[in-house]
Amino acid sequence: MSILNKFIKDEFKNPYIIVASSNSNMLYAKNILEKNSISNELIPTPKGFGEICTTAIKFDKEYHDKIITLLNQNNVDYKGIYSLKNKYKYDLSSMYDMNISYNMRSILEKVSNNIDLNKEDILYVLESKEKIEFDTLIKTADVIRKECVGDRIEIRAAIEFSNYCIKNCNYCGLRRDKNQFRYRMKEDEILKEVDKLYKLGIKTVILQSGEDPYYTTEKIISIIKKIKQKYKMGITLSIGERTEEEYKLFKNAGVNNYLLKIETSNEDLFDYIHYDSKFKTRVKHTEFIKNSGLRLGSGGMIGLPKQTLDQIADVILFQKDYGVHMIGFGPFIPTKGTPFENEKISNLELNLKVIALTRIICQNVFIPATTAISTLNREGQTKSLLAGANTIMLISTPERLREKYGIYSNKNMVDLDFAIESIKYSNRKLPKYLNYDYIEELGYDIDKNLK
């Protein structure tokens, strides 16, 4: 049994979900259930029951009547309570005539009927070397992507505001012991970059750094409140492990999402790649973030030294079992000046399989075409979008500092030009919310078919 299975609860033999009318009502309902000792779990709302990247409360049918009474007694505003047996069905009939194996056909039938894939199914796909089966996988993920999130790509932007880090992870270019130029952006510098994004029409800014205690809770909250007050933008934090209380404070200050990747759900591999972090601690923080009401971002690294396909299957399942809303899988890229600098670089096809499987298994979530995969292969983002991804993250760190945030070597600094190119060649559409008049004033020539 993997370490993953030791953490996951299997309490919902006949699962139902509560879909609340708002995030505050969802947290209120969860609190009521817990006060009444009713086992529950937060999950991304499945397709057919609610919008992408919202949260539902999962529970077992035996509590159905009691829960309705409690919600009504406490005036919780909820949209409905639904059985997860009534899942959304997908039309994959166009693929049944393809020359695929019995195993792959069985997997397609499961996906069509929205029956969860098991680990053996995932391993079969990861191990298959048949091109026709790879193509079938990509087409299947694309069908689910279109049904769940549509053709418009979400564009977000990251400001990498500090490359200081107290951790010493063996793969990371920001590791504490790496001798390099370090920087910290001041609050007004960060807000200046946010202003540029706001003018472009970007709706979500990602504030990302190494684990840098210089940025205290008070400093982070000051930045958050100023962004919210002036720009009313969505905010994603990616600043490493904080305390349970801090996640709640960030949520109350206006943070929408928190990104903390698990990287791998295998404890031995996690400890091997992280010099001074522990898997069980990272899992606890994953739960802290979810339970604070923040939307949870996680994901993993594919092609790590000593990583097996079995471990990759587990880390995909981790995202589903922990109800992750934003799932970023990217390739391992060796970084100069780290203990892993001479290790083998990851494989593009394997990464695309993982993205496709994640879309098929997790469905109604955000999946980025990562900056790392565009570094692995210039067409990596386009191929990721074709495999089920639906989000691109722009690098919006000031130009003078971008190369200093060297989390891995030869990083592709994805800008708006590159994002537009990737979206065009994947036959997707740009988001409606961009300020196209302003963008075209800046000299961008945007095909009207992309709008």
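1. A disulfide is here a pair of cysteine sulfur atoms within 2.5 Å. The structure under review is a predicted model, and a search of the whole of it finds zero disulfides.

2. Two cysteines illustrate this result. The sulfur of C148 has its closest cysteine sulfur in C362, at 11 Å, which is too far for a bond. For C172, the closest cysteine sulfur belongs to C169 and lies 6.1 Å away, again too far for a bond because the cut-off is 2.5 Å. Both residues are shielded by the protein: C148 is buried, with a relative accessible area of 10%, and C172 also counts as buried, at 11% relative accessibility.

3. Helix α3, which spans residues 64-73, has H64, I67, L70 and L71 as its buried residues. These residues lie on the same side of α3, because the arc they cover around the axis is only 125°. The general geometry of helices is relevant here: an α-helix has 3.6 residues a turn, so residues three or four places apart point the same way.

4. The surroundings of α3 agree with this division into two faces. Its buried residues are covered by elements including the strands β1 (15-20), β3 (55-60) and β4 (78-83), together with helix α2 (23-35). On the face turned away from the buried side, α3 carries the exposed residues D65 and Q73. After the helix comes N75, which has a positive phi, near 55°.

5. K306 is located in the loop between β9 (295-302) and α12 (309-321). With a relative accessibility of 64%, K306 counts as exposed. Its contacts, apart from neighbours within four places in sequence, are with L269, Y272 and Q311. A separation of 15 Å lies between the C-alpha atoms of K306 and C169, two residues that are 137 residues apart along the chain.

6. The second largest pocket has a volume of about 380 Å³. Its lining consists of 16 residues, and those nearest the centre of the pocket are K196, L200, S396, R402 and Y444.

7. Which element gives the most to the lining of the second largest pocket? That element is α7, with four residues. Helix α7 (187-200), strand β11 (391-395) and helix α16 (399-402) each contribute at least two residues to this lining. In terms of residue class, the lining of the second largest pocket comprises nine nonpolar, five charged and two polar residues.

How values were computed:
Residues are numbered from 1 along each chain as its sequence is written. This is a predicted model: local features need pLDDT of at least 70, side-chain atom pairs count only at pLDDT 80 or more; totals for chains, interfaces and linings use all residues. Side-chain values use heavy atoms; hydrogens and water are left out. Buried means under 20% relative accessible area, exposed over 50%, partly exposed in between (1.4 Å probe, protein chains only). The arc is that of the directions from the helix axis to the C-beta atoms. Contact means heavy atoms within 4.5 Å. On a 1 Å grid over the protein atoms alone, a cavity is a set of points where a 1.4 Å probe fits but cannot get out, and a pocket is an open set with protein on both sides within 12 Å along at least five of seven lines; lining residues have an atom within 4 Å of a point. Grid points are joined across faces, edges and corners, and a volume is the space filled by probe spheres set on the points. Ala, Val, Leu, Ile, Met, Phe, Trp, Tyr, Cys and Pro count as nonpolar, Asp, Glu, Lys and Arg as charged, and the others, Gly among them, as polar.
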